[in-house]
Amino acid sequence: MFKNSVLTTIICAIGWIPLLAQQGLNKLDPAMEHKIDSVLNMMTLREKVGQMNQYSGGFEVTGTPSDLDTKAKIEKLKNGELGSMLNVLGAKNTREYQELVMNNSRMKIPLLFGYDVIHGYRTITPVPLGETASWDLKLIEESAALAAKESAAAGLHWTFAPMIDVSRDARWGRIMEGAGEDPYLVAMAGVARIKGLQGDDLADEATIAACAKHFAGYGFAEAGRDYNTVNVGDSELHNAILYPFKKANEAGVATFMNSFNELDGIPSTGNEYLQRKILKGKWGFKGFIVSDWASIAEMITHGFVANSDEAAQKAAIAGSDMDMEGHIYEASLEKLVKSKKVDEGIVDDAVRRILRVKFALGLFDNPYKYSDEKREKQVLLADENLAKAREIARKSIVLLKNEGSILPLKKDIGSIAVIGPLADDKDSPIGNWRAQGESNSAVSVLEGVQAAVSKKTKINHAKGADLGMGVRTFLKPLQINTTDTSGFDKAVDAAKNSDVVVMVLGEDAFQTGEGRSQTDVKLRGVQQELLDAVAGVNDNIVLVLMNGRPLDIVKPSNMSRAVVETWFLGSEAGNAIADVLFGDYNPSGKLPVSFPRAVGQEPLYYNQKTTGRPSNPSDVTYSAYTDLQRDAFYPFGFGLSYTTFAYSEISLSAPSFNKGGNITASVEVTNTGNTTGREVVQLYIHDQVASRTRPVRELRDFSLVDLKPGETKTVQFEIDEETLEFYTANKTWEAEPGEFKLFIGTNSVDTRETSFTLN
Ligand code: BGC
């Protein structure tokens, strides 16, 4: 409990009224609003601006600070001129920072601690793109809840996740961090993550505030080059980019982060239309918007403003509430308000939003409630967390090819070669945004295989080649090994002497992530040559891919009998992969992104427009390439199982429905193989004529169905106006009457088809 303060007096005077369980921040609690107003009324302008100021940690608050900078920062904390910190971790550290504020500042407003918990805090789950391949929203929610539980036990209040940027470009390194190319799937996965992180009550000790990022357009960086300019029209902006953010807001996400990019000439951070008009205006968002790292200051580099004062003015007016490590608000905002260049009401609005999140988290009740060292020890990396991580990991694996049913392998197979630069890599599966996941702590594929096979199975391991050279660091690009093939002979020997080869290729963890865009998405370095050499002596190749972006795997896939996409699966990667390789789990994942035939197809996505010239392969004057087919190598939604599924034709409860009504579409799905399996049944629509042209297919629903051999289940989908709505030429979200095609099937290409009418 915090000590005597002005605030204690206020709260005592008002009386303690337990806060209503918060469904995020969507419903305002009058008692809480009253308290926020009371606090706000007592704050000086400098204290208010302080709440809008966020620093990164990395300086000691205990002991005698040596450098001036640290001293100055500590003074800010003591004076209540900092509202939040990022990258301060651990129950002990967070407590020490909090004490500095609670014991010294006049208003004693608790600090908010934020951190990038993107796919786990200490127990690491699959990278978000990989986890989305499970299409299992309950599982995704549980994964986020696990991350929240560990983070909250380590003193954190807030994560900068989920990233819900629709991204269609394999060249963009951050595609790994999102949920892929489809707005609907990105939205659904995003909402599941928000629910998992925030739970039903932000004040619960095991939940933290989520942050929908990056608002907006960041995933559409031109040419897939990170931070690059974004140019999209109104339809793309709303229907593709903003749709997941709209859903995140409806789900009650506590915060948003704006983005580094400019959008049609206006940096998002200074974009009033996006933040003030749409998000806070039309959508009624109640939480606060944090800038991206120094993105307020970067508006100067963008050439959008001349100096700190102009940057602060634009950002505050546009609706950016908190300045992450930009030092712009602290430098300029107070004087801008005093000189009437920024209305104090804007500052009050921002502070009210920030306080609302702090109140909802219960920090005014107990600012130390998350900083509990005992709980931290018990919760981090607990056995049950690892078991959950393994379950999530195996459900995120996508089987792309299985010629002659080479998989699953028998556990008592005579010999097995495990080859490749990633075969015994215990670090890459942890991924790039690894939070407090320890380096080299994942179960490697080799270890997973070793643990799974019988005693009599001989394992022949050979790395073959390194993927990178020199030291890997977070900030430097990975130096790829393009010359050293000295390990090839050993790998060829291992392959020669084995019944089957598990070939583990792909990307190093530090090849994807922020700032890691690439012009080539083939297997890099000497990996293709290694595969060629191994394939020369053994035909039974099972290619296990580890990567954070869609790759051009045409050649390696054609050379392999099986292809297993495993992304970066986290702490339990090797065990989860072995579960699939040896049939303890029948793979059920489906691609959340299209895999290209060549990088020149990028940005590649299934939900394109038909164009005026869709297809005529005998002619050059149609929308295609003259040197390659235009479709994906492995399409969106694709993934095989060890069993097979048959779909009936679609039956509709009626051929049409009126606005306000609905119809039901059903298919019967049968497991026609010999193994129990899970199928992701996908529903797509095509609005045939609309006020803005619509994609050839759009995912609008899906359902997971578990089937025993020979079993049939009827899968039903309700179709109503919401299924059909889009941002129309009238600039409203609505369903337009007319003819619709309806597709239900196993991926975005292989579907049954029918049609119906909306009257
Ligand atoms: C990233 C954000 C992240 C922030 C804080 C930025 O570089 O774009 O997504 O949350 O850093 O680490």
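## Exercises on the ligand site and the domains

The ligand sits in the largest pocket. The model is predicted.

**Exercise 1.** State which residues surround the ligand, and sort the shell by class.

*Solution.* Start with the shell itself: Leu 86, Asp 116, Phe 160, Arg 174, Lys 213, His 214, Met 257, Phe 260, Asp 292, Trp 293, Met 324 and Glu 514 surround the ligand. Next, sort by class: six residues of the shell are nonpolar, one is polar and five are charged. Under the class scheme, Asp, Glu, Lys and Arg count as charged, so the charged members are Asp 116, Arg 174, Lys 213, Asp 292 and Glu 514.

**Exercise 2.** Find side chains with an N or O atom within 3.5 Å of a ligand oxygen, and give the share of the ligand that the protein covers.

*Solution.* The cut-off for a polar contact is 3.5 Å between N or O atoms. Take Asp 116: an N or O atom of its side chain is 2.5 Å from an oxygen atom of the ligand. For the side chain of His 214, the distance from such an atom to a ligand oxygen is 2.7 Å. For the side chain of Lys 213, the corresponding value is 2.8 Å. As to cover, the ligand on its own has 310 Å² of accessible area, of which the protein covers 92%.

**Exercise 3.** Give the bounds of domain 1 and domain 2, the separation of their centres, and the residues in their contact.

*Solution.* The domain assignment places domain 1 at 385-601 and domain 2 at 645-758. Taken over C-alpha atoms, their centres are 35 Å apart. Five residues from domain 1 and eight residues from domain 2 take part in the contact.

Methods
Residues numbered from 1 in each chain as written. Predicted model: local features only at pLDDT ≥ 70, side-chain atom pairs only at ≥ 80, totals over all residues. Heavy atoms only, no water. Near = heavy atom within 4 Å. Polar contact = N/O pair within 3.5 Å; in protein donor to acceptor, adjacent residues only side chain to side chain. Areas by Shrake-Rupley, 256 points an atom, 1.4 Å probe, with all protein chains shown as cover. 1 Å grid on protein atoms, 1.4 Å probe; cavity = no way out; pocket = protein on both sides within 12 Å on 5 of 7 lines; lining within 4 Å. Sits in = over half its atoms within 2 Å of the grid points. Domains from an automatic or database assignment. Contact = heavy atoms within 4.5 Å.
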